[in-house]
Each structure stands twice: as C-alpha cells, then as structure tokens.
Amino acid sequence: MSTTQAAPGGDAVGRLPVPRPPGVLRRFGLAHPRLVDWLLAVAAQLPIVAIGTVIASVEASMQTSGLWMVAVAIAAGAALLWRRRRPLVVTVVCALLLAIPAEASAGAFLAIYVALYSLGAYARATLAWVGLAVAAVCSALATIILPALAPGMVGPVLTVNLLAISSYVVAVLLGISARARRSYVDQLIARASDLERDRDQQARLAVAAERARIAREMHDVVSHGLTVMVTLAEGSAAQAERDPARASGTMRGVAETGRASLAEMRRLLGVLREPGDGAELAPQPSSGDLQALVASFREAGMPVRLTTSGSAIDDQPLALTVHRILQEALTNVLRHASDANRVEVMVQHERGAAVRLEVTDDGSGAPAATAGSGRGIVGIRERAAMFGGAVEAGPRATKGWRVVVELEEAGAA
C-alpha cells in the first residue's frame, strides 16, 4: 500500500494529498530522469565494453574485433542518452549497429532492447511498430550476410535471430504497457485536480452566496432602522418648540427603534460567531409580525394601512422573505416618497398557492433627507428569486409608485 504526502501547506490551503509513487527506485527515476538515462546507458554497455577490452587485450588475433566491439558499444550507449526525446532515431541507430556482420555487432546487443522498450514507452504505438520492423529487418540482413561469409552457420544464426526478433516484440510490448500505465496515472491525477478545482469553486460560490445573503440582511436591518430613526428625529426637531412633550415622545420612539435595530443586528451577526460562543439568537421575523412592522412605519409618520387575506404563512423562510420584502418596500416609500398621503399594503395567501404582496403609494417622489444605496429593488428581486417569484416595480398610471411581488410557496431553494 502506497503512502501519501500532502502538498506543501496542504492543510492550510485545502489541497488534496497526492499519492507518492510506489518504490524508492520509481520515485528516484521520476525525480531525476536525465541521470537515470546516463546510468542506464552505462549499465547496459559497460559489460560489453569490458568484454571487448578483454578480448582486445588477451588475443592478438581478436584485437581489431575487440576494439570495434568497444566502439560500437560506446556509440550505442551514447545514442541511448536520447531515448526519451528521439526514441525512433535511437532505435534505428542501434538496429543499424546490430546489423554489422561481424563480432562488433555484439556492442549493440543490450542497447537494442533498451531502445525498443523506450520506443514503446515514449512514442506513439505506430512509431513503436515501425521501429520494431526496422530492428527486425536489420536482424534479417545480418542473418543473410553472415551466413554468406560463413556458410556453415546458416542454421544457428537463423535460429538465434528468429528468437531475437521475438524478444524484440516483448521489449516493445513492455514499453507500451508502461506508457499506458503512466497515461492512466496521469489521467487519474488530472481528474483529481479537476475535482479539487471544482470543490474549491463550489466553496467560493457558497461563500459568495452567503456574503450576498448577509449583505441583504444587513441592508434591510440598517436601512430600515436608520431611515425610521432619521424620520422620527426630523419630526422631533420640528416639534421641539411647538410641542415639547410630543417631541420627547418621538425621541423615545427613536430610542426604541434604535434598540430594536441593534437587537436584530446582533441576531444577524450571531451566525458569524465561532461555534461555542453561546450567541443568543432570537426568532426571525415571520408573517405574523407584519402588523408590528407596519406600526413602526406608522409611528414614523407614514400613512400606511395593511390588508391581509387568506391563511397564515407556515413556511418560516417564506414568511421571513415576505417580511423583509415588505420592510424594504416601505423603507423605499419612506425614503423616496416622503410626501405620500396614502400607502396601501395588501398581502394575499391561499394555502398551497402563491403569496402576492402589493405596495402602492400616491407620493410625488419627493425624497427624504436620507439617501439610498440603490440596492432596494435589487434586494427585493434577489429575495423573490429564491422562491421562483416575480417582481413588478414602477410608477402608477395616475400618481405614485407600485410594487407587486409574487412568491411560490413550494419554490424555496
């Protein structure tokens, strides 16, 4: 069983651990491919160089053959250094050296097997079989030429070369098998990398979606609370000299609105605490809190009236969405139609059917002192999209503004 090692900083950046190649020699070969080529060339040709040197030194009659054997062995070994980059060329060179009709051809005896294996491992299958055919032809040529020089060796040489050609096929097949295994491993690693990137992308999308949700909640809480507080404060300032008692009551309303907004913000920020912090989370607003919401706007001086029909909304996420949409719509009226004399809110819901929310006003578009962020209608559309809803917002035919939202009860994402 292979061990695994994490990439540097794997736990810190969330990268997947990559399996280590099995075996010390395999890991060494992957880390030092060029050094492996040198070692292989030397290991394959050193015995033949040693044999040729001994032959040239011991027998004077074989000195020339021995020296030629050493020269061919050195040439074949040098060719093996390019076995990864030019496997077909290396195979052809070794095959031609092997076809020399003399004892010198023994210098390429081991090199041809290394070349054929490399051809199968690092070249396309078509080139591998082409190289095998070249090696077989060169071997056959040697079989024809050598018996012509020594007729008594026809049978043995032919038998040996047929066996050699069969062994060439084995060397090529081993190389092809190694290439297929390497390609399979590379595909597995690439697939793991794709899955890792997909996991990271999904995590980033989830973070972005959560940030957007928190931004919507923060916008609704802060804009609603501050808009009401600013409106009440302005009213209190206008009444301070004429009716101090009423102005004092209005300021108490400002304080109550501020405390309520702070409590709601603490509840919202509670989801960002670390586990175990013991944050006390109050219940989220629901459809039953719409009367209290409308009353808070009425206290700020908005002439708003709420009309509901049908059954209560049991789905808590849907009820919260209705509450937030109405809060944002009324905040927009308070901010952008401060001269409205009449604001109508209608909420319709039949069990199992869509929820319809309509907010209309007769204001002329006179802005309040507070400036909006431009996210009001955008936030309403985003919340409605979570329930497969549709939003219509625009000026009325006569005067004022109209917002209509329809939400599917069973469409929560």
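**A nonpolar patch and a five-stranded sheet**

Helix 3 (residues 33-58) is the biggest giver to the nonpolar surface patch, putting in three residues. In this predicted model, the patch covers about 390 Å² and is built from Phe-28, Leu-35, Trp-38 and Leu-39. Phe-28 sits in helix 2 (residues 24-31). With a relative accessibility of 35%, Phe-28 falls into the partly exposed class, because that class lies between the 20% and 50% cut-offs.

Stepping back to the whole protein chain, there are 12 helices and seven strands. Of its 413 residues, 35% are buried. The accessible surface adds up to about 23,300 Å², and carbon and sulfur atoms account for 64% of that. As for contacts between residues at least 6 apart in sequence, 68% link residues at least 24 apart.

Then there is the sheet. Five strands form an open sheet in the order 3-4-5-7-6, and the pairing is mixed. Strand 3 (304-310) and strand 6 (390-395) are the edges, each pairing on one side only. From one strand to the next, the twist averages 10°. Strand 3 runs parallel to strand 4 (residues 343-349), and seven bridges hold the pair together; one of the bridge partners in strand 4 is Val-347, matched with Thr-308.

Two helices pack on this sheet. Helix 10 (residues 290-299) touches strand 3 and strand 4, and its direction makes about 165° with that of strand 3. Helix 11 (residues 316-336) touches strand 3, strand 4, strand 5 (355-361) and strand 7 (401-407), with its direction at about 10° to that of strand 5.

How values were computed:
Residues are numbered from 1 along each chain as its sequence is written. This is a predicted model: local features need pLDDT of at least 70, side-chain atom pairs count only at pLDDT 80 or more; totals for chains, interfaces and linings use all residues. Side-chain values use heavy atoms; hydrogens and water are left out. Helices (H or I, at least four residues) and strands (E, at least two) are DSSP runs, numbered from the N terminus. Buried means under 20% relative accessible area, exposed over 50%, partly exposed in between (1.4 Å probe, protein chains only). Contact means heavy atoms within 4.5 Å. Accessible areas come from the Shrake-Rupley method with a 1.4 Å probe; for residues, only the protein chains shown count as cover. Patches are made of residues with over 30% relative accessible area and no salt bridge: like charges are joined within 9 Å, nonpolar side chains (Val, Leu, Ile, Met, Phe, Trp, Tyr) within 5 Å. A salt bridge is a side-chain nitrogen of Lys or Arg within 4 Å of a carboxyl oxygen of Asp or Glu. Two strands pair if DSSP finds at least two bridges between them. Axes are lines fitted to C-alpha atoms, for helices over the stretch in contact, and angles run from 0 to 180 degrees between N-to-C directions.
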